[in-house]
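Here are some notes to read alongside the structure, which is a predicted model. They follow the contact between two chains, point by point.

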Amino acid sequence: MEILIPIATTRAVRKMNTASLALLTGKRVGIVSNGWRSMEAMTPHLSQRLKEKYGASEISLYSVHINKPITDDTLDSIERDCDAVIVGLAN
Amino acid sequence: MALQSNWHEPAIFIMVSEMTKQTSLAAASIHVDDDVERVFDDLYERGWTDGLPVIPPTRERVARMIDYVQLPADLQIAEMAPKGGVATVENIAINAVMAGCRPEYLPVVIAAVEALAQPQFSLLGVQTTTNPAAPFILINGPIRRQIDVHGGRGALGPGWRANATIGRAVRLAMLNLGGAIPAEIDKATLGFPGKYTFCMAEQEEESPWEPFHTEQGFNREDSTVTIIACQGTQSVAASYLTPESILRMLGNAMTVWGTNSYNKGDGNPTVILTPMHAKIFHDAGWSKARIKEWLFEHTKVPMSELPLEPRLMAHHRMMDGDRICICKQAADIVVIVGGAPEAYHLAFLASYGNPLAIARINCPVGR
């Protein structure tokens, strides 16, 4: 018996034009959190490590809603103000 | 073909219908054993089922289903989180066949998939959460009678093909098109049986009030599907004859601190009143709005009653002073009429805390 496959294909992912960072030295790093206590507890330690061990110049913190899409304004801020971003989500 | 958000506008619908004189299917296929038990084993091993046997989606069955809706098989309806799978008429139909749908159910399933992808519903959250959330699918309008979607006694239980298979088709689409693989991607701590199917019609003819979809701006003669992410059903034995007594029982059942709408300050806590309960309210001069106001006020929880220990999860509570509200506003409480006529057990469906989604069901021209 021949049957049709029920799974969907995804759209081709847009090729990223941003080059990967070899190092974080001197870079501005953003941390995105949706507010889980674990992430909020981890963030200060992460920020400190990023600066002390990896030489990040600046750490910016962004809060997103627990289960809604990130806003365009927040995305614009991240794009404008960060060279790299770490996303910590849980639900 | 790019996502065509206006495919259901009348002129566009007729145009695309004209394009589909012969169904041409593009989905890849596999060969499986002719024995249905082995087919079930095969598809189960591949992770394409909900754990229950499915109808093999042969080319003929899928074509028959698509022929009914008279839409291009490759018409793209939505992108489904979390995988971002592109839901087309064809692959929705494949999952609808698997679920056991009749062809005439497909317009409902398509509309449901369209609704799931509305941004405010946040399908990504619903699909991946540790919460047991599942979409409650509410059907309004003439299509209920046309395809026999049940809204009376036992409507949320077994026995009704449309209810069972429409809900199941939507769930299979969420799995196969959206990629919510149980326990891997769908992180529900426990889940609940509504994640198999969770669909009913509103008993509009038995309701003394306006049907739900007209509250959302649709006309009574429109057929719609509403998706509300819910955490299960709570039965309330409210065999009383006065609104106040019924509301006290219902309010008590709704005031569960651990339900998500308290944590998120959003969503649509849903109440299903039996026709007799609705009549009791209506005859005493109560409107839906007044019921919602009463419930919203009497389900506020003082912060002092909650544990002092900070919670592990984040929250975005809607506060009224030092009291937590069950949702953002009274109008967000959904009140519908359904179930058996007698004023015995009504039901409360706790909300996951995301706003609902609603979409028009577009039936083929001439059907």
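1. Taken together, chain A and chain B bury about 3000 Å² between them, and 58% of this area lies on carbon and sulfur atoms. Within the part that chain A buries against chain B, A:Met1, A:Leu4 and A:Pro6 supply 26%, which is more than any other three residues provide.

2. If you count residues rather than area, 22 residues of chain A are in contact with 46 residues of chain B. It is worth keeping the two descriptions apart as you look at the model.

3. Turning to charged and polar pairs, the rule finds 1 salt bridge across the interface of chain A and chain B. This salt bridge joins B:Arg59 to A:Glu2, with the closest N and O atoms 2.9 Å apart, a distance that falls within the 4 Å allowed for such a pair. Across this interface there are also 11 residue pairs in polar contact, counting pairs in which both residues have pLDDT 80 or more.

4. On the side of chain A that touches chain B, the largest share, 3 residues, comes from strand S1 of chain A, residues 2-4. The residues of that side of chain A divide into 11 nonpolar, 7 polar and 4 charged.

5. Strand S1 of chain A also takes part in pairing between the chains, for it runs antiparallel to strand S1 of chain B (residues 29-31), with 3 bridges linking the two strands. One of the residues to find here is A:Leu4, whose bridge partner in strand S1 of chain B is B:Ser29; A:Leu4 is also one of the three residues named in the first point for the area that chain A buries against chain B.

Note on methods. Residues are numbered from 1 along each chain as its sequence is written. Chains are lettered from A and ligands numbered from 1 in the order in which they are written. This is a predicted model: local features need pLDDT of at least 70, side-chain atom pairs count only at pLDDT 80 or more; totals for chains, interfaces and linings use all residues. Side-chain values use heavy atoms; hydrogens and water are left out. Contact means heavy atoms within 4.5 Å. Buried area is the accessible area (1.4 Å probe) that two parts lose on being put together, summed over both. A salt bridge is a side-chain nitrogen of Lys or Arg within 4 Å of a carboxyl oxygen of Asp or Glu. A polar contact is a pair of N or O atoms within 3.5 Å; within protein, one must be able to donate a hydrogen and the other to accept it, and residues adjacent in sequence count only if both atoms are side-chain atoms. Helices (H or I, at least four residues) and strands (E, at least two) are DSSP runs, numbered from the N terminus. Ala, Val, Leu, Ile, Met, Phe, Trp, Tyr, Cys and Pro count as nonpolar, Asp, Glu, Lys and Arg as charged, and the others, Gly among them, as polar. Two strands pair if DSSP finds at least two bridges between them.
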